[in-house]
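Reader: Got a minute to go through this interface with me? Please start with the terms.

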Protein chains: 2
Amino acid sequence: MVKLNDNFFKLNESYLFSTTARKIREYAAANPDKPVIKMGIGDVTRPLIPQVAAAIAKAGEGMATKEGFHGYGDEQGEAFLQEAIKKYYLRIAGVTLKRNEIFISDGAKSDVANFTDLFSNDNIIVIPDPVYPVYLDSNMMLGRKIVFIEGNEANGFLPMPYEGLKGDIVYLCSPNNPTGAVYNRDQLKTWVDFANANGMIILFDAAYEAFISDSSLPRSIFEIEGARTCAVEFCSLSKTAGFTGTRCGYTVVPEDLVIDGHSLNKMWLRRQTTKYNGTSYVIQKGAEEVFSESGMAECMKNIEYYKENAGIMAKTMDELGIWYTGGINSPYIWLRCGMDSWEFFDMLLNEIQVAGTPGSGFGKCGEGYFRLTAFNTHENTLEAMQRFKKLLAK
Amino acid sequence: MVKLNDNFFKLNESYLFSTTARKIREYAAANPDKPVIKMGIGDVTRPLIPQVAAAIAKAGEGMATKEGFHGYGDEQGEAFLQEAIKKYYLRIAGVTLKRNEIFISDGAKSDVANFTDLFSNDNIIVIPDPVYPVYLDSNMMLGRKIVFIEGNEANGFLPMPYEGLKGDIVYLCSPNNPTGAVYNRDQLKTWVDFANANGMIILFDAAYEAFISDSSLPRSIFEIEGARTCAVEFCSLSKTAGFTGTRCGYTVVPEDLVIDGHSLNKMWLRRQTTKYNGTSYVIQKGAEEVFSESGMAECMKNIEYYKENAGIMAKTMDELGIWYTGGINSPYIWLRCGMDSWEFFDMLLNEIQVAGTPGSGFGKCGEGYFRLTAFNTHENTLEAMQRFKKLLAK
């Protein structure tokens, strides 16, 4: 008699986005004359840059020809894309990687979740609160022991290791989703040293690295000395180049990351060659253009557009004297709402027709906070902030 | 101190294709005047049909426009593609599915391997020998207990359940890789009845279903009464439409598949929403064309091309009186070589410059057998079979 993985039944159902969507829908139906400005959008809204779309189209068309057809590729990705990413790391972060340390995939979510395969279930997993829910859920599916480290105003929602912290694997996300907070070099160095001293692995989610404009902040954990022996980095083209529906990401597993004589790079290669069959050639051709200098310059225009929105929101919070994180090197603003975060959601929706996301949806420590995103238009962002000011300056 | 998943270190390294490739390379280097005909190709060789490539190109180009841009899609796939596959099942197999029973992915390999997530490690896994290695490796990575069921000439390399067979999950692949053997309706009914009677799940790999032309043979396990309460079906566009490098597959999880009150359909949805982020919109637009009547008619021309090659090989085996499976409803011929399968490999390579794949590479029971594939050209297939006849008619 087949036995199911009963860890699935211990997972919390997340009703966060379905509940916010339902409330917005219901409000809109009852108030057709009062359009809601959606500041809870977690998806990009600006199209792919033409250079990337053209490369996808060309590769797609070529697949119908003898010369342009491509069958099975390497599970770890095409050399041309690995090379392009290698150059990108050197250019933006001064980090030298080997080509075989870069694994191409269909996105960071898959890689972050599948990377759990490499570890015994007998580890203690350290997860920040609040944070992107995939870290927690993918480990809960394996019945692993979870320890939360708290984000709060005192640490700027950037939890740090502390004496007595017991854990084997830690997830860090910087720039953070949902808080927009970014670890600085000293903070990451503290994490790296702690991990190396305690035989801990850092799974570093850098999905929002392209939003960092402050050059004093690290865009890759491999800018930090010692990271090559304790860290894996996940990255994505979703927010960098608008690939949320196009799907491409990559994971960096340094050759120096060796545990008990076993190379994690070789383990991940084995995992991917056994359980994955490579990323679409067509999409990899588009991704290659993202990492060209001209392509990235174009992509940065979209990122700048979102960041201007974030700047508009940050300025409003400053004017209102509201405590927040993010808004600078991130598409997110994480603000103190001074009340239950669902009550705040309802208040914004009902009184000024602005929809965001209640912080409590991202973890216990998110209660009392609220997330706004920069993925709407300038016009809507400005209008939402005008309404915000009117409401909260009362 | 982080603890690795040490099941990884119990995996056998497969040197099958790297060894055959090396031997071919070495032979070619030493004998530049004697070109080798590769009959071990496991990848398709004919380009995408123009209709599919055009749809990919159009969707790719559209991604650079406001109207054509698509961000995050549902993890389980786009409704238009689920609907197209639903119609395809009805058309080719008389099987009625619900849209939400069809999950789109980047390929059957990922789904077959990731589906293991839904089960406790405390199951006995039943795996045919010889067979596609992913079933074994993905379960060995979890340290699960494996029981092999033997394929042999007596059962036509189609192992059946037997009284006393203890197992909780069984993998069936039909048409089979590597043997090309296809279960008939009675045989699958026996498996389905056995599974239902014993609380067993059948993970049915139908990646080669499009090669079945004999209408008495089932193309989907859901043609068999009772399958909806015990089976999951994995399928792929790789061999159906040449998507080996384009990447798209799908998995059918019936709503009626309920274990201890838990829906496997809902569990797989939860797995995919947590650990996957959907298949590229661009690729799904191409896949949609595969399942249109005109698209499938075009795809079938490529399949017919491969099947003519398989027919040429089967005829040669008949003429030589060599026992084999496959060759009709499959791109594979699995032949008795009457000697150690690596010795046969060397003999073919050295004496007639034809390269195939030694059966022992697919499992212990493959020893003494040899796989030829239909993915070369007509001309090369004919030439290889001429040489085969000369050698073996001696």
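Author: Sure. A polar contact is a pair of N or O atoms within 3.5 Å; within protein, one must be able to donate a hydrogen and the other to accept it, and residues adjacent in sequence count only if both atoms are side-chain atoms. This is a predicted model, where local features need pLDDT of at least 70, side-chain atom pairs count only at pLDDT 80 or more, and totals for chains, interfaces and linings use all residues. Residues are numbered from 1 along each chain as its sequence is written, chains are lettered from A and ligands numbered from 1 in the order in which they are written, and side-chain values use heavy atoms, without hydrogens and water.

Reader: How many residue pairs are in polar contact between chain B and chain A?

Author: 36, with both residues at pLDDT 80 or more.

Reader: Which helix of chain B gives the most to the side that touches chain A?

Author: α8(B), with eight residues. Helices here are DSSP runs (H or I, at least four residues), numbered from the N terminus.

Reader: And how many salt bridges between the chains?

Author: Six. Each is a side-chain nitrogen of Lys or Arg within 4 Å of a carboxyl oxygen of Asp or Glu. One of them joins A:Lys3 to B:Asp168, with the closest N and O atoms 3.8 Å apart.

Reader: What area is buried between chain B and chain A?

Author: About 6400 Å², with 61% from carbon and sulfur atoms. That is accessible area (1.4 Å probe) lost on putting the two parts together, summed over both.

Reader: Switching topic. What are the model's scores?

Author: ipTM is 0.96 and pTM is 0.97.

Notes:
Helix = DSSP H or I, 4+ residues; strand = E, 2+ residues; numbered from the N terminus.
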